[in-house]
2 protein chains.
Amino acid sequence: MKMFLGTYTNKIDDKNRMAVPAKFRDQLGGKCMLTKGFDECLYIYTMEDFEEMAAKIAALPQSDADFREFIRDFFGNSELCELDGQGRIKIPQNLREYAHINKDLVTTGAMNKVEIWSAETKADFDLAKKMKDSKFTDKLREFSI
Amino acid sequence: MKMFLGTYTNKIDDKNRMAVPAKFRDQLGGKCMLTKGFDECLYIYTMEDFEEMAAKIAALPQSDADFREFIRDFFGNSELCELDGQGRIKIPQNLREYAHINKDLVTTGAMNKVEIWSAETKADFDLAKKMKDSKFTDKLREFSI
DNA sequence: GGCAAAGTGGGGAAAAGTGGGGTAAAATCA
DNA sequence: TGATTTTACCCCACTTTTCCCCACTTTGCC
């Protein structure tokens, strides 16, 4: 099974470029889809995984205002990114703002996608603390974890 | 899969012209259909997609007064636009008013169409959206997304 | 240490975006 | 119908952004 693993730190430069960790590049094959994540981060998908998801979303009825918003939000915040000669992608302004990206990044493999976090935002999330929250652990238990 | 992606900001000039983002131009091929959007924005369709949409709408039963009004509104506010030498289209007055377009625009890819928003209207719309987000995720789940 | 690969920064050419002038076509009105 | 005004459109010019390429620094590994 193909999956993205590991955590890396890197920087974004003045031209909105960030180097995709070399370990992830082979799996992406020169290009990738960059999208808004469900949390305050960005996702990198392979082309195949993105298209699978896009096809599902494309089938939603446009007569429904909520779905129109969702479609707009999803496609409007997705970008096809080609890696440059140095293995970097360009992060568009709208996505950069969404993820509160300043300078330092944390890039982490999350199974079928790569997540890009602002270092500051990521630091706020602490797993050890979360695991002490009984509401959360109850929720986990329902899934046999 | 061919689709419109990404969000861009641009301006409309004193001659009612706006530059179509370069990324979208190739897919449009020199001309496009400009229509009134379902929300307070305008849509740009490719010729093929417009015709597909138009065929669906034209097939609505004319015996129904609601549909008659919808058909009238749709075709009455559709315009064939040719891109000029700089890749710009002209926005007619009626559509400009409908979308409350002043000067600054937000242009966003939304799968099979491009949406043109007044920057101010879009900002208000996005804010309102934030409020409703949690309810909406429940609705999405019914579609396995 | 020394080499290779990865990460980072920046210059410069090309493309995209924006504004405006001039002329032709269309609309308006006497 | 003819004269005047308005609108549309083609072209040029300037500014901003993007992207390709090169170079330096850092990291990892033998």
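Helices (H or I, at least four residues) and strands (E, at least two) are DSSP runs, numbered from the N terminus. This is a predicted model, where local features need pLDDT of at least 70 and side-chain atom pairs count only at pLDDT 80 or more, while totals for chains, interfaces and linings use all residues. Residues are numbered from 1 along each chain as its sequence is written, chains are lettered from A and ligands numbered from 1 in the order in which they are written, and side-chain values use heavy atoms, with hydrogens and water left out.

**View 1. Chain A as a whole.**
Start with the full chain: seven helices and eight strands make up the secondary structure of chain A. Its C-alpha trace spans about 45 × 40 × 35 Å along the principal axes. Of the 145 residues in chain A, 45% are buried (buried is under 20% relative accessible area, exposed is over 50% and partly exposed is in between, with a 1.4 Å probe and protein chains only).

**View 2. The protein surface around DNA strand C.**
Here 24 residues surround DNA strand C, and those that come nearest are Lys15(A), Arg17(A), Arg25(A), Lys15(B) and Arg25(B) (a residue is near a molecule or strand if one of its heavy atoms lies within 4 Å of it). Of the atoms of DNA strand C that come within 4 Å of the protein, 41% are sugar and phosphate. Both chains pitch in: S1 and helix H1 (22–28) of chain A, plus strand S1 (7–11) and helix H1 (22–28) of chain B, each supply at least two residues of this surface. Sorted by class, the surface near DNA strand C holds 14 charged, six nonpolar and four polar residues (Ala, Val, Leu, Ile, Met, Phe, Trp, Tyr, Cys and Pro count as nonpolar, Asp, Glu, Lys and Arg as charged, and the others, Gly among them, as polar).

**View 3. Close-up of three atom pairs at DNA strand C.**
Look at Arg25(B), where a polar side-chain atom sits 2.3 Å from a phosphate oxygen of DNA strand C. Ala22(A) uses its backbone instead, with a polar atom 3.3 Å from a phosphate oxygen of that strand. Arg88(B) goes for a base: a polar atom of its side chain is 3.0 Å from a base nitrogen of DNA strand C.

**View 4. The protein surface around DNA strand D.**
The residues around DNA strand D are Lys15, Arg17, Gln86, Arg88 and Lys90 from chain A, and Lys15, Arg17, Gln86, Arg88 and Lys90 from chain B. By class that gives eight charged and two polar residues, with no nonpolar ones. Sugar or phosphate provides 30% of the atoms of DNA strand D within 4 Å of the protein, and bases provide the rest. The side chain of Gln86(A) puts an N or O atom 2.7 Å from a base nitrogen of DNA strand D. For Gln86(B), a side-chain N or O atom is 2.8 Å from a base nitrogen of the strand, and for Arg88(B) the distance from such a side-chain atom to a base nitrogen is 3.4 Å. Strand S6 (88–90) of chain A and strand S6 (88–90) of chain B are the elements giving two or more residues to the surface near DNA strand D.

**View 5. A link between the chains at Asp39(B).**
Asp39(B) sits in the loop between strand S3 (31–36) and strand S4 (42–45) of chain B. Because its relative accessible area is 9%, Asp39(B) is buried. Its side chain makes a polar contact of 2.6 Å with the side chain of Arg72(A) (a polar contact is a pair of N or O atoms within 3.5 Å; within protein, one must be able to donate a hydrogen and the other to accept it, and residues adjacent in sequence count only if both atoms are side-chain atoms).

**View 6. Lys31(B) in strand S3.**
Strand S3 of chain B is home to Lys31(B). With 35% relative accessibility, Lys31(B) counts as partly exposed. Lys31(B) is 26 residues from Leu5(B) in sequence, and their C-alpha atoms are 18 Å apart.

**View 7. Positive phi at Asn16(A) and Ser144(A).**
Asn16(A) is not a glycine, yet it has a positive phi of about 65°. It is in the loop between S1 and strand S2 (17–19) of chain A, and it is buried because its relative accessibility is 15%. Ser144(A), also not a glycine, has a positive phi of about 60°. This serine comes in the segment after helix H7 (134–141) of chain A, and at 71% relative accessible area Ser144(A) is exposed.
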